[in-house]
Amino acid sequence: MDDFNPTIIAFVCNWCSYAGADKAGGQKLQYPSNVKLLRVMCSGRVDPQFVMRAFRDGADGVMVLGCHPGDCHYRNGNMKALRRFRLFERMLSQMGIEKGRFKLDWVSAGEAKRFQETATEMTDAVKKLGPLHLRGMVEREVA
Amino acid sequence: MIKKISIDPITRLEGHGKIDIYLDDKGSVDKAFFQVPELRGFETFVEGRPAEDMPQITSRICGVCPTAHHMASVKALDALYGVQPTPAARAVRETFYNLFMFEDHLLHFYFLGGPDFIVGPDAPKGSRNILGVIDKVGMEAGKKVIEIRKRCRDLMTHIGGKPIHPVLGLPGGVAKQMTEEMRATCKAFAADAVAFAQFTMTAFNDIVLANKTYLDIVLSDVYYLETNYMGMVDDKNRVNLYDGAVRVVDPKGKEILKFDPRDYASVIGEHVEPWTYVKFPFLRKIGWKGFVEGKESGIYRVAPIARLNTAEGMATPLAQAEYERLFSTIGTKPVHNTLAMHWARLVEVLYAAERLVELASCEELTSPDIRNMALQTPSEGVGIVEAPRGTLIHHYKTDGNGIITQANLIVATIGNSAAINMSIEKAAKKLISNGNVTDGLLNMVEMAFRAYDPCLSCATHSLPGTMPLEVRIKTGPDTIVKTIIRNSDGSELTF
Amino acid sequence: MAQKPKVAFYWCASCGGCEETIVDLEEKVLDVAAAVDIIFWPCAMDFKYSDIEAMADGSIAVSFVNGAVRTSEQEHIARLLRKKSGLVVAFGDCAWMGGIPALTNLKSKKEVFNRSYCESPTVVNPEKIVPLENSVYQGVPMLLPKFYETVYKLDDCIDVDYYLPGCPPTVKLVLNAVTAILAGTLPRRKSVLAPDKALCSSCDRNETKPDSMVIKEFKRVHQVVADPKTCFLAQGIVCMGPATRDGCDYPCVKGNMPCTGCFGPVDGADQGARMIAALGGIIDAEEEKGIDRVLSGIPDPAGTFYRYGLAASLLGSKRKEKAQ
């Protein structure tokens, strides 16, 4: 899979993880260009439907990065994200989507290095898994 | 040179079915096959589902007999969790089940199979339908069928949530308590149901049995098949549709097996053929010997006449009298005449109605104690009921958390799949010779399989009454020698 | 005299419940039958492909098609009806979203055949024979239609004009739809012919929801005796009401069992996503272990949230670009 370049979508929250990514950029910390950022105000804003759509529309991996527990700008938005996505992950494995294609993690505004590491690790992991084959990708069987 | 007659598709069957008949050089039937071109894979996709969801998931195997699957499923859950339903739950379940059997059987008789009999195979095709039936039994009766069905379905809605794909079943119980008001409604309905069942039986006597031509058709060897028979019985060997042990008798009526649901897999084997999606159950004790009749064959039959053959009586008085009359009229027991299915069906209608009268008076019916919560750790369970179309078996294995790891389903109609194949072949062989495909062929072949009430009889008004059939006689794969098309208005084209 | 509109009914991979619901119209079916000319209904009437083939394109006013598409034969007839019909209505969940048969999409065709024909407590098949599209039996070539790898919903194969939800659609819904068709008062094309709001809005247990609902434990239906008057979710029992369309008059809830979602999602929503979002929001736990403990009461999220709609779900269905 050397030539496989995965597409990773990362939903990053405005107050923490986006700021952390921004800081990484400011410090010229390289992270794979596979990772495309989508800024939201809070990780709690990320509807599971967005993540599903990302997978369906071409992403091989998806991340949701929010503030550390206790640090959420909106008090407990990140907790809502945690609860939702834990349920979501259980369902993903049932649908044949390998563990490692979805990740919920915490990155604070000051953690530029952590952002770099998280993005790099995710890209490497998904690269190893190969392109995502959704069940529904089966070719039409009749003319 | 092989000549092939295709009847494709046949209707009033779950999904689709097709019949192929092959003629030899002399124009006699060499072979005939009944193919089922459909499979949905329930046994596979229920893996990973919670066991408590099974009654509602498996009911989607069939939208005409969902209650049969629901009930077999919930009994498998009882066994899985090691519980018996409370007396109230059992009474509610049995009431619901007999309501269902009553309605389903009756509908088949008036709208589907009945017309063959009531109006007769010689009647103009345009009248071999519910309208023709009404003509014979009267408009009042026709309206009454619709009305009694409506009352039945309404009762089922109250007890089970929905008549199509009910929700009441839980391991050790049912979801909802029955009220005194409902009991009163049920009581009133049951009394009318008995009366209507008797009326139907009388109509059958007057129109069919009293008519020598029809009786001859019933008793003719065109529709005669000697097989073993299987059915559920109570501890006195009387027909029981909801619960009991399963009994098997040979073509002479001698008991060869009686087994508890949990032992079914050591009794029944299933044979696979590459040319059809349906499997062919057989008795392991004898083995699969091919599509042959007789006691040396492992093939058995299920559903109404099989149940009556297997039992030694009915558990309610009026049904018992009819049971005796059936066997004394035909003169033998077991009865091997396939068309007697229609008659046996009516005996069961009467039984279901009488059972409803009994249940409506059960004290425990309205008790609030509807759930036995002493559930054990689950691992495996088998549930069996007698569906309208035969013995229905649900077998589940789960992990300790009650998630299904393996399921095996022996669906009622497939108990007859080998027999249907043989019945069609026999009818074809006896009716076709010298390559003449007569008009009567179409009707007669239909009758051979329709008596079994194969899995899905969409019990609607058979508005034009005739099944659409296109019979093509071919010489070689592309040369059609003759085509007979029967249209919905009963007219036929031959070219 | 004006011609009565021609109407056709057809079933694909169906259980027959949708046909049965038409019978449940009871005496009202006669009114319907009087107003239309039913020209095609394999389960009840004359059925010939050649009749349909001979009709002019668009001459059937409405075709009601139920069942999911699983075999080549079913797809062929669906396409034929589309050609000959003015309107095609996907009747019931199987046609709309794949229905319960679509749960097979969590498995493979190979697993289905293996379980049905090889690895079973009762199957005696040492040679591992499985049904084949082409086989020879007693010297005779035998054909079976192709069994697809995936269960498709109707609009994966043809353009569908309207959708009737339900497993099966309720009598009320069917009558409303038929009335609208005859009166020419159908809503915009591609509509689902049921209200576009959640079931909770009309459920009579809704008012028993506490102002602040939090779930400390999810209980499976067999582990608890449900109170017949209180909201299921408030009792910790998963009920699909919040993520399911209204319009059925909630017979399951009246039967004291929770909604399982058969009226499908509202417009634009993925039913599973909606349910995950809803339930996630009300779990009473703050860290992984606690959350997992609560979630152990939902052992089968895919089967619970997509019981009827896997073929329409974002992750369980075809990607748009492959649809052509």
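This text walks through chain A, its contact with chain C, the two domains of chain C, and two sheets of chain B. The model is predicted.

Start with chain A. Four helices and four strands make up its secondary structure. Along the sequence they follow the pattern β-α-β-α-β-α-β-α. The C-alpha trace spans about 55 × 30 × 20 Å along its principal axes. The radius of gyration of chain A is 15 Å, which agrees with the value near 15 Å for a compact globule of 143 residues. Burial can be put beside that: 50% of the 143 residues of chain A are buried. The contacts can be read by sequence separation too. Among contacts in chain A with a separation of 6 or more, 81% join residues 24 or more positions apart.

Now turn to the contact between chain A and chain C. Chain A brings 27 residues to it, and chain C brings 31 residues. Which elements of chain A give two or more residues to the side that touches chain C? They are helix H2 (48-56) and helix H3 (77-94) of chain A. H3(A) gives the most, with 11 residues. By class, this side of chain A has 14 nonpolar, three polar and 10 charged residues.

Chain C itself comes in two parts. Domain 1 covers 6-101 + 149-194, and domain 2 covers 199-312. Domain 1 of chain C is thus written as two segments. The C-alpha centres of the two domains of chain C lie 30 Å apart. Where they touch, 16 residues of domain 1 of chain C are in contact with 13 residues of domain 2 of chain C. On the domain 1 side, helix H5 (93-97) and strand E8 (147-152) of chain C each supply at least two residues. H5(C) gives the most to that side, with three residues. The domain 1 side that touches domain 2 of chain C has 10 nonpolar, four polar and two charged residues.

Chain B offers two open sheets to follow. Take the sheet of three strands, in the order E12-E13-E14 (chain B), with antiparallel pairing. Why is one side of E12 and of E14 of chain B left without a neighbour in the sheet? Strand E12 (380-387) and strand E14 (404-410) of chain B stand at the edges, and each has a single partner strand, so one side of each has no neighbour there. From one strand to the next, the twist averages 15°. E12(B) pairs with strand E13 (residues 390-398) of chain B in the antiparallel sense, over eight bridges. Within this sheet, B:Ala387 stands opposite B:Gly390 in E13(B). A helix crosses here as well. Helix H3 (residues 66-80) of chain B lies across E12 and E13 of chain B. H3 of chain B runs at about 150° to E12(B).

The other sheet of chain B has four strands, in the order E8-E7-E6-E11 (chain B). This sheet is open too, and its pairing is mixed. Which strands form its edges? They are strand E8 (255-259) and strand E11 (300-301) of chain B, each pairing on one side only. Strand E7 (residues 245-249) of chain B pairs with E8(B) in the antiparallel sense, over four bridges. One residue pair can be picked out: B:Val249 has B:Glu255 in E8(B) as its bridge partner.

Note on methods. Residues numbered from 1 in each chain as written. Chains lettered and ligands numbered in written order. Predicted model: local features only at pLDDT ≥ 70, side-chain atom pairs only at ≥ 80, totals over all residues. Domains from an automatic or database assignment. Contact = placed C-beta atoms within 7 Å. Nonpolar A, V, L, I, M, F, W, Y, C, P; charged D, E, K, R; others polar. Pairing = 2+ DSSP bridges. Axes fitted to C-alpha atoms, helices over the stretch in contact; angles between N-to-C directions. Rg over C-alpha atoms; globule rule 2.2 N^0.38 Å. Buried ≥ 20, exposed ≤ 12 C-beta atoms within 10 Å, placed from the backbone.
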